[in-house]
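Reader: I am new to this one, and I would like to be walked through it step by step. Could you show it to me before we start?

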Amino acid sequence: MIDSIIKDRCTGCEGCASVCPTKCIDMVQNYEGFFMPQVNSNKCVNCKMCINICPVINYDKNHRNIVDKKTAYAFKSNNDEFRRICSSGAVFLSLATYFIEHDGIVYGASFDGSYNVIHKSATSTSEVIELAGSKYVQSRINDIYLEIKNKLEQEKKLFFLAQLVKLRDYVLI
């Protein structure tokens, strides 16, 4: 089961819990407060959808064509206001605003009312501002992947920002 396969390398992306047809995977906080998958073996039908979606287990298959790429890019927004309220040169806010202005939906991390970091959607410039800035903690994805799947099936334009997670010698995006 997924919870025993990737115990020491899980990024907490919640892809396994989102794809599970029997909803037998719960995201449970470990002793460090990090959300990890926990499988209810009584409900698991061994379909392996969680294993097939896992970016850690499938890293080599998913990234085989980018291993030798050594090009780096730098970006800084020309918008002074964006740079004042953002980190990393306001890359996210510049791209997100472009998507909003072109009838798109933006997904990113934001604080909820209890200062938990969650992923949510934004369809206006004011909502995008809430997603700006680095959070430096794990974000709860909840049902965002399912919402994104539905929007893509409706042929909506989407921009999804996930956290960068360093795993030993590589970075998952």
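Author: What follows is a friendly set of questions and answers on this predicted model.

Reader: Thanks! In what order do the strands of the open sheet come?

Author: The open sheet has three strands, and their pairing is mixed. Strand S4 (117-122) and S5 are the edge strands, each pairing on one side only. From one strand to the next, the twist averages 30°. The order is S4-S3-S5.

Reader: Which residue is the bridge partner of Tyr-107 in S5?

Author: S3 and S5 run parallel, and three bridges join them. The partner of Tyr-107 in S5 is Phe-160.

Reader: At about what angle to S5 does helix H6 run?

Author: Two helices can be described against the sheet here. H8 packs on the sheet and touches S3, S4 and S5, its direction making about 155° with that of S5. Helix H6 (residues 91-101) lies across S3, S4 and S5, and its angle to S5 is about 160°.

Reader: Is Ser-110 buried or exposed?

Author: Ser-110 has its place in strand S3 (residues 105-111). Leaving aside neighbours within four places in sequence, its contacts include Val-117, Ile-118, Lys-120 and Glu-130. Its relative accessibility is 2%, and the cut-off for burial is under 20%. Therefore Ser-110 counts as buried.

Reader: Two of those contacts carry charges, I think. What joins the side chains of Glu-130 and Lys-120?

Author: Glu-130 is in helix H7 (residues 125-131) and Lys-120 in strand S4, 10 residues apart, so the pair links distant parts of the chain. Glu-130 is partly exposed at 41% relative accessibility, and Lys-120 is partly exposed too, at 27%. Their side chains meet, with 2.6 Å from N to O, in a salt bridge.

Reader: How far apart along the helix are Glu-81 and Arg-84?

Author: These two form a salt bridge, with their closest N and O atoms 3.3 Å apart. Glu-81 is partly exposed, with a relative accessible area of 42%, while Arg-84 is exposed at 61%. Because they are three residues apart in helix H5 (residues 80-85), their separation is about one helical turn.

Reader: And how many salt bridges does the structure hold?

Author: Another one is that of Glu-153 and Lys-149, at 4.0 Å from N to O. Both residues lie in helix H8, four residues apart, and Glu-153 counts as exposed at 54% relative accessibility. For the structure, the number of salt bridges is five.

Reader: Let's turn to the rings. Why is the pair of Tyr-145 and Phe-160 called tilted?

Author: A pair of aromatic rings is described by the distance of the centres and the angle of the planes. The structure holds five aromatic pairs. For Tyr-145 and Phe-160, the ring centres are 6.1 Å apart, and the pair is tilted because the planes stand at 50°.

Reader: Which parts does that pair of Tyr-145 and Phe-160 tie together?

Author: Tyr-145 counts as partly exposed at 26% relative accessibility, and so does Phe-160 at 31%. The parts tied together are 15 residues apart in sequence, because Tyr-145 lies in helix H8 (residues 144-153) and Phe-160 in strand S5 (residues 158-160).

Reader: One last thing: over the ring of which residue does the charged end of Arg-140 sit?

Author: Rings also come together elsewhere, where ring pairs link Phe-92, Tyr-98, Phe-99 and Phe-159 into a cluster. As for Arg-140, its charged end is 3.9 Å from the centre of the ring it sits over, that of Phe-35.

Methods
Residues are numbered from 1 along each chain as its sequence is written. This is a predicted model: local features need pLDDT of at least 70, side-chain atom pairs count only at pLDDT 80 or more; totals for chains, interfaces and linings use all residues. Side-chain values use heavy atoms; hydrogens and water are left out. Buried means under 20% relative accessible area, exposed over 50%, partly exposed in between (1.4 Å probe, protein chains only). Contact means heavy atoms within 4.5 Å. Rings of Phe, Tyr and Trp (its six-membered ring) pair if their centres lie within 6.5 Å; planes under 30 degrees apart count as stacked, over 60 as edge-to-face and the rest as tilted. A charge sits over a ring if NZ of Lys or CZ of Arg is within 6 Å of the ring centre and within 35 degrees of the ring normal. Two strands pair if DSSP finds at least two bridges between them. Axes are lines fitted to C-alpha atoms, for helices over the stretch in contact, and angles run from 0 to 180 degrees between N-to-C directions.
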